Amino acid sequence: MPNNNKASLEDAPLNSFHKKLAIYSSGAPFLDGYILSIIGVVMLQLSQALQLSTLQEGMVAAAALVGMFFGGFVGGLFTDRLGRKTLYVLVLVALAGFSLAQFWVASAWALIALRLLLGIAIGADHPLATSLLAEFLPKKQRGSILASLVMMWFVGAAVAYIAGELILRYAGPEAWRWALASAAVPGVLFLILRAGTPESARWLLSKGRVAEADQVIKKVYGDTYSVRDLPETTPRHSISVWSLFHSSYGKRIFFVSLFWTCSIIPQFAIYAFAPRILQAMGLTGDLAAWGAVAITIMFVFGCLLGVKLINPLGRRNMLMHSFLWSGLALLLLGLFPDGGAQMTLLLFASYALFIGGAQVLQYVYPNELFPTEIRGSAVGLATSLSRIGAAIGTYLVPLSLTSIGIANTMLVAFGISMVGLLVTWLMAPETRALDLHKASSLSY
């Protein structure tokens with residue numbers, strides 16, 4: 001029972017432990033961005049060195065995405081069954097080891113296998129890191145801090161591009177090996193930072209380990225706090241992971257997966273093919289290249305804006321506005337494909353800015369809408385399904401550009417955004433004022 005003599009732990013002030021845990025957990029999106037981006041930087045040199053066929057190049061590029069599809073859900077299952085603490089460290093051991101092993105690959109198939117394993121480890125780290133962080137954060141800061149993790153993907157991608165270019169320039173003919181293995185450096189760094197992180201008190205309580213949960217709470221908050229101050233209860237009935245596929249939890253996973261997919265398909269398409277799309281709309285040469293850089297910067301600003309507005313606007317309203325205004329930018333791009341360089345750049349930048357709200361909620365809603373017993377599995381499943389959207393957005397764009405043209409491609413992207421808006425309007429709950437236990441309860 002809660003202690004009525006003082007505020008619950010979710011109303012406690014943000015302390016140094018929360019801030020450190022947020023930094024440690026940012027390793028998941030950072031390494032996601034780094035490992036997925038570094039392969040693009042070295043692909044030309046790598047392909048020549050290993051004599052890759054076109055099919056093998058595609059498999060090398062796609063292997064990590066395929067791995068993330070499997071790793072997300074499997075990692076979530078193990079997170080819920082075995083706890084957050086142990087896997088929180090072991091996943092980074094795997095990431096560092098597989099990254100380093102890329103240095104010695106001698107064939108395309110060896111590299112494909114390692115990229116697949118890296119993807120599995122990255123996918124597993126998402127539900128681990130975000131679930132653990134969500135279960136410790138105070139209510140007021142939970143949304144904004146979880147949302148801010150999304151920006152670390154772009155940071156990781158940017159660092160990969162910079163580090164990769166420097167390595168290729170100065171490390172000689174085998175530079176591609178050093179560049180791929182360089183992902184082990186941030187992996188080891190985050191591994192060292194995560195060492196000693198305590199188990200989630202909520203997870204311990206969900207397993208009936210009350211005394212251990214109490215010890216964690218006292219370690220993090222001080223001796224004046226106990227499990228009585230945690231708005232979480234030991235479950236009377238076991239909740240199976242199969243709940244994600246039926247009843248109200250099935251509806252929630254449908255909502256989370258669909259809004260995430262609708263936000264990520266146009267986003268990945270534009271991010272991956274910005275120069276080509278801009279050229280198709282009449283921007284050529286350096287203007288297309290610098291335009292792609294500007295759009296990337298606006299994606300980051302969109303995330304920053306989403307972090308700032310997530311509490312004032314609320315989750316539901318911000319997600320609806322994000323789909324509405326970003327979708328209108330895509331509609332105008334489809335209706336006026338020859339609108340001129342300035343208008344084209346302005347509309348693409350507007351899309352990148354407004355989609356920030358949907359981007360940052362990709363880490364917030366999955367952690368808030370499911371109870372501790374299946375939170376990791378839910379986040380993992382949503383992560384897995386989002387990789388399908390990423391693959392669709394990345395690999396169907398070239399086909400779409402050549403078959404139906406740039407204008408119709410933008411109109412299709414607008415339609416996808418409107419599906420996201422409709423799903424949000426019909427299904428999205430508002431959770432900003434709720435503690436984690438109430439937000440994840442089916443009675444809400």
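**Exercise 1. State in which helix Val-159 lies, and decide whether this residue is buried, partly exposed or exposed.**

Solution. In this predicted model, Val-159 belongs to helix α7, which covers residues 151–170. The relative accessibility of Val-159 is 33%, and the class in between runs from the limit for buried, under 20%, to the limit for exposed, over 50%, so Val-159 counts as partly exposed. As a next step, look at what surrounds the residue: leaving out residues up to four places away in sequence, Val-159 touches Phe-30, Tyr-34 and Gly-164. Finally, compare sequence with space, where Val-159 and Ile-38 stand 121 residues apart along the chain, while their C-alpha atoms are 9.0 Å apart.

**Exercise 2. Carry out the corresponding analysis for Ala-181, beginning with its helix.**

Solution. Ala-181 is found in helix α8, made of residues 175–181. Because its relative accessibility is 8%, Ala-181 counts as buried. When neighbours within four places in sequence are set aside, the residues in contact with Ala-181 are Ser-99, Leu-100 and Phe-103. The C-alpha atoms of Ala-181 and Ile-35 are 9.7 Å apart in space, although 146 residues separate the two in sequence.

**Exercise 3. Describe how the axes of helices α1 and α2 are placed, and name the residues that make the contact.**

Solution. Two packed helices are described by the angle between their axes and the distance between the axes. The axes of α1 (residues 16–25) and α2 come within 5 Å and cross at roughly 20°. Angles under 35 degrees count as roughly parallel, and therefore α1 is roughly parallel to α2. On the side of α1 the contact is made by Ile-23, Tyr-24 and Ser-25, and on the side of α2 by Gly-27, Ala-28 and Pro-29. Sorted by character, the residues of this contact comprise 4 nonpolar, 2 polar and no charged.

**Exercise 4. Explain whether Gln-51 is buried or exposed, and find what its phi angle shows.**

Solution. Gln-51 is found in the loop between α2 (27–50) and α3 (54–82). With a relative accessible area of 68%, Gln-51 is exposed, because the limit for this class is over 50%. The phi angle of Gln-51 is positive, at about 55°, although the residue is not a glycine.

**Exercise 5. Work out why helix α6 can be called largely enclosed by the rest of the structure.**

Solution. Begin with the count, which gives 7 buried residues out of the 10 in α6 (residues 139–148), so this helix is largely enclosed by the rest of the structure. The buried residues are Lys-139, Arg-142, Gly-143, Ser-144, Ile-145, Leu-146 and Ala-147.

**Exercise 6. Characterise the largest nonpolar core, and then follow the contacts of Phe-255.**

Solution. In soluble globular proteins, nonpolar side chains tend to be buried together. Here the largest nonpolar core has 123 residues, and those with the most contacts inside it are Leu-46, Leu-95, Phe-255, Val-256, Tyr-365 and Phe-370. Helix α5 (residues 108–136) gives the most to this core, namely 14 residues. Beyond residues up to four places away in sequence, Phe-255 touches several others, among them Leu-319, Tyr-365, Leu-369 and Val-423.

**Exercise 7. Place Ser-417 in its helix and then step back to the whole protein.**

Solution. Ser-417 lies in helix α19 (residues 405–427) and is buried, with a relative accessible area of 1%. The residues it touches, apart from those up to four places away in sequence, are Pro-266, Phe-323, Gly-327 and Leu-330. For the protein as a whole, the secondary structure comes to 20 helices and 0 strands, and 57% of the 444 residues count as buried.

Note on methods:
Residues numbered from 1 in each chain as written. Predicted model: local features only at pLDDT ≥ 70, side-chain atom pairs only at ≥ 80, totals over all residues. Heavy atoms only, no water. Helix = DSSP H or I, 4+ residues; strand = E, 2+ residues; numbered from the N terminus. Buried < 20%, exposed > 50% of the residue type's maximum accessible area, 1.4 Å probe, protein only. Contact = heavy atoms within 4.5 Å. Axes fitted to C-alpha atoms, helices over the stretch in contact; angles between N-to-C directions. Parallel < 35°, antiparallel > 145°, perpendicular 65-115°, else oblique. Nonpolar A, V, L, I, M, F, W, Y, C, P; charged D, E, K, R; others polar. Core = buried A, V, L, I, M, F, W, Y, C linked by side-chain atoms within 4.5 Å.
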